[in-house]
Amino acid sequence: MKAYSGRSPLFTADRPRSWRDDAACIGLGRLFLPDGIETIPSTPKGLRLVADAKRVCAGCPVREACLTDAIAAEGYTDHHGRAGVRGGLTPQERTTKARRDKRGDAEPPTLFDLYLARTEALDDGHVRWTVKTTTVSHHGHSYTPRQLAWACATNRRPEGALLVACDMPNCVAVEHLTDSVMRRKPRARA
Ligand code: SF4
Ligand SMILES: [Zn+2]
């Protein structure tokens, strides 16, 4: 995974030890707060930052405490004004979870949970699909690996074909996928 500089947004000096000391994102501030994003960005670079941040969160030993802390601090009314990935969720996803928790609804696995469980991020920036099955079901919808990668990292349906824009066949890195909308515009550099 690409290296990022900066301190975790959760880290502050001169305080008692807490769950924050075990945060997997210490030193990865730029990854977790890319340009103060409030919702999932639609540029390839932004999508990959969110995907990389979520992948770090998936292996973080204090994810539950982090997410609980974020939701307690943010409430459940509106995601506007919040930034960054916390506890594996974007601001918008945290709002959705907070509202679901408030209603007492059971928590279903997210699309990103399914994506993380079936992929491996490679050091050169590509992402490999690691299981034999090539369709994934979620809430009655069926996804191919590319559709799953796209759906868990964007807020819109793809237009036209989803194509791989890198040199690794079948790569499912979100920033290496394009739909016709993105192919009509110059790509942001990672
Ligand atoms: S869950 Fe994610 S944001 Fe929270 S402490 Fe762990 S790595 Fe950082
Ligand atoms: Zn790739």
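In this predicted model, the site of the zinc ion (ligand 2) is tetrahedral, with angles of 104 to 120° among its four donor atoms. Two histidines and two cysteines supply the donors: His126 and His176 each through ND1, Cys166 and Cys171 each through SG. The coordination distances run from 2.1 to 2.3 Å. Along the sequence, the donor residues follow the spacing H-x39-C-x4-C-x4-H. His126 sits in the loop between strand 1 (119-121) and strand 2 (127-129), and Cys166 in the loop between strand 5 (163-164) and strand 6 (177-178), so this pair ties together parts that are 40 residues apart in sequence. The accessibility of these two donors was also computed. His126 is buried, because its relative accessibility of 9% falls under the 20% cut-off. Cys166, at 22% relative accessibility, is partly exposed.

The loop between strand 5 and strand 6 also holds Asn170. Phi of Asn170 is near 65°, a positive value in a residue other than glycine. Asn170 is exposed, with a relative accessible area of 54%. His139 also has a positive phi, near 50°, and is likewise not a glycine. His139 belongs to the loop between strand 3 (136-138) and strand 4. With 59% relative accessibility, His139 is exposed, because the value is over the 50% cut-off.

The protein chain as a whole contains seven helices and six strands. Their order along the sequence is α-α-α-α-α-β-β-β-β-α-β-β-α. The pattern thus opens with five helices, which are followed by four strands. A helix, two strands and a final helix complete the pattern. The protein chain has 190 residues, of which 44% count as buried.

Ala51 is one of the buried residues, with a relative accessible area of 3%. Ala51 is part of helix 2 (residues 44-58). The C-alpha atom of Ala51 is separated by 6.9 Å from that of Ala153. Along the chain, Ala51 and Ala153 are 102 residues apart.

Ala153 falls within helix 6 (145-153), an element that gives two or more residues to the lining of the largest pocket. The space in the largest pocket is about 750 Å³. A total of 28 residues line the largest pocket, and those closest to its centre are Leu111, Tyr143, Ala151, Cys152 and Thr154. Besides helix 6, the elements that give two or more residues to this lining are helix 4 (91-103), helix 5 (111-117) and strand 4 (141-143). Helix 4 gives the most, with five residues. By class, the lining of the largest pocket is made up of eleven nonpolar, eleven polar and six charged residues.

Cysteines were also examined for disulfides. The count comes to zero, with the criterion being a pair of cysteine sulfur atoms within 2.5 Å. Cys25 is buried, at 7% relative accessibility. Cys66 is buried too, also at 7% relative accessibility. Two other cysteines, Cys166 and Cys171, coordinate the zinc ion (ligand 2) through their SG atoms.

Technical notes:
Residues are numbered from 1 along each chain as its sequence is written. Chains are lettered from A and ligands numbered from 1 in the order in which they are written. This is a predicted model: local features need pLDDT of at least 70, side-chain atom pairs count only at pLDDT 80 or more; totals for chains, interfaces and linings use all residues. Side-chain values use heavy atoms; hydrogens and water are left out. Donors are N, O and S atoms within 2.8 Å of the metal (3.2 Å for Na, K and Ca); water is not among the atoms, so sites may look incomplete. Four donors count as tetrahedral if all angles lie between 85 and 135 degrees; four count as square planar and six as octahedral if opposite donors are over 155 degrees apart and all others between 65 and 115; anything else is irregular. Buried means under 20% relative accessible area, exposed over 50%, partly exposed in between (1.4 Å probe, protein chains only). On a 1 Å grid over the protein atoms alone, a cavity is a set of points where a 1.4 Å probe fits but cannot get out, and a pocket is an open set with protein on both sides within 12 Å along at least five of seven lines; lining residues have an atom within 4 Å of a point. Grid points are joined across faces, edges and corners, and a volume is the space filled by probe spheres set on the points. Ala, Val, Leu, Ile, Met, Phe, Trp, Tyr, Cys and Pro count as nonpolar, Asp, Glu, Lys and Arg as charged, and the others, Gly among them, as polar.
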